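Colleague: I should like to request a close look at one part of this model, taken slowly enough for a first-year student. Please begin with a single residue and work outwards from there.

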Amino acid sequence: MNLPSKTLLPVLCVAALAVSAHAEPAAAPAKPAETAQASAEPGMEKAAKAFLALLNPEQTKKATYPMESDERLNWHFIPKPRNGIPFKDLDEAQKKAALELLHSALSDKGMAKAETIMSLEAVLAGIENDPVKRDAGLYCVTIFGTPGDKKGWAWRFEGHHVSINMSLADGKAAITPTFMGSNPGEVRVEGPKKGTRALAGEEDKGRQLAAALAEAGKPVVFNDKAPAEILTAAEREVKQLDPVGVLASDMTEAQELVLQQLLGEYIDRYRPEIAAAEWKEIRDAGLDKVRFGWAGGLKPGEAFYYRIQGPTFLIETANVQNNANHMHTTWRDFKGDFGRDLLAEHYKSHAE
């Protein structure tokens, strides 16, 4: 990826939103954020409607909730029972439509990550001899509200180590909280998936940047021991964590380029029109105000944690569990999680 120095450029249980039966690689910055966001919703609306059209009444009841439901905030990344319609209850055509809904938000790169993560459930089932707990059929789709409703709607694709939460209003999309994890971080058992690393870029680029900053004598390592887990876990709302590490403004051009490439591993999970808006928000708030901090060892195989924090967002990554072969990555927006700022703007503009 060739980016101009000191310039930020865009890189980038299933719940379906419907009337609920319960209660009822680097992209060029060609478009401003609002235009890019506005182009994101139609594809999702079409995909969500296509998915819902394939469900029978009982499945629709499981898959849909009202937009105002507290269930919309009930997200997590651990293996557990989930509300929504699980893959194991879907036929092949319905599963294909569910994945097309996911692809309406994620880029090809993001889909590859998500599908690789989901495929690791079979690896874990073999390692742990527990096909009940480790079941790729437990990924769920959930839709909140009615796709295309101008008052706002949302959808969630979620299961072990994948949580994609999309909130939409006025043609704009909010994409956080988002979570991807990988267990194993690297598949080391014999078999067709040996050597697979679902989140290789998130690990390798992070370590590359930390090592470069440490070698330059900059205070990137804020603790020799990594915390056991990402600090924000599955909180419904997050605030800024302690400022640690090195500001982008204190990095060399080469170091800042690696920081941008690392950010791209998260932002490029989404389609270019969505990613462009996210990059613009970070740029407008000030790339120079973004901090990168590392805890733990700098050598491959050693437990680590890193944090990328800017005025508007927080990224946390931890690789500590299972002898540092179990990664968790999360991306949060201080105002925009679950579309809070987007929906507030919508209600304000329509009340005036």
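In which helix does Glu265 lie?

Modeller: Glu265 lies in helix α7. This is a predicted model, in which local features need pLDDT of at least 70 and side-chain atom pairs count only at pLDDT 80 or more, while totals for chains, interfaces and linings use all residues. Residues are numbered from 1 along each chain as its sequence is written, and side-chain values use heavy atoms, with hydrogens and water left out.

Helix α7 covers residues 253-267, and the protein chain as a whole has ten helices and 14 strands (DSSP runs of H or I, at least four residues, and of E, at least two, numbered from the N terminus). Is Glu265 buried or exposed? With a relative accessible area of 13%, Glu265 is buried (under 20%; exposed is over 50% and partly exposed in between, with a 1.4 Å probe and protein chains only). In this respect Glu265 has ample company, since buried residues make up 55% of the 352 residues in the protein chain. Once residues up to four places away in sequence are set aside, Glu265 touches Lys109, Lys113, Gly201 and Glu202 (heavy atoms within 4.5 Å).

The helix that holds Glu265 also serves the interior. The largest nonpolar core (buried Ala, Val, Leu, Ile, Met, Phe, Trp, Tyr and Cys joined through side-chain atoms within 4.5 Å) has 64 residues, and Trp155, Met166 and Phe292 have the most contacts inside it. Helix α7 gives the most to this core, namely six residues. A second core, separate from the largest one, consists of ten residues, including Trp75, Ala226, Ala234 and Ala295.

Two members of the largest core repay attention. The first to consider is Met166, whose contacts beyond four places in sequence are Met44, Ala105, Trp153, Ala154, Trp155, Ala173, Ala174, Ile175, Tyr270 and Ile274. Trp155, named above for its contacts inside the core, thus appears again in the list of residues touching Met166.

The other is Phe292, which ring pairs link with Trp294, Phe304 and Tyr306 into a cluster. The structure holds eleven aromatic pairs (Phe, Tyr or six-membered Trp rings with centres within 6.5 Å; planes under 30 degrees apart are stacked, over 60 edge-to-face, the rest tilted). One of them joins Trp294 and Phe304, and this pair is stacked, with 4.8 Å from centre to centre and 10° between the planes. The two partners are ten residues apart: Trp294 belongs to strand β11 (residues 291-296) and Phe304 to strand β12 (residues 304-309). Trp294 is buried at a relative accessible area of 0%, and Phe304 is likewise buried at 0%. Phe304 also pairs with Tyr306: their ring centres are 6.3 Å apart and their planes meet at 5°, so this pair is stacked. Tyr306 is buried, as is Phe304.

For contrast with these buried residues, consider Lys80, in the loop between β2 (64-65) and β3 (85-86). Its relative accessibility is 28%, so Lys80 counts as partly exposed. Lys80 and His160 are 80 residues apart along the chain, and their C-alpha atoms are separated by 7.7 Å.

To return to the residue you asked about, Glu265 is a buried residue of helix α7, and that helix gives the most to the largest nonpolar core.
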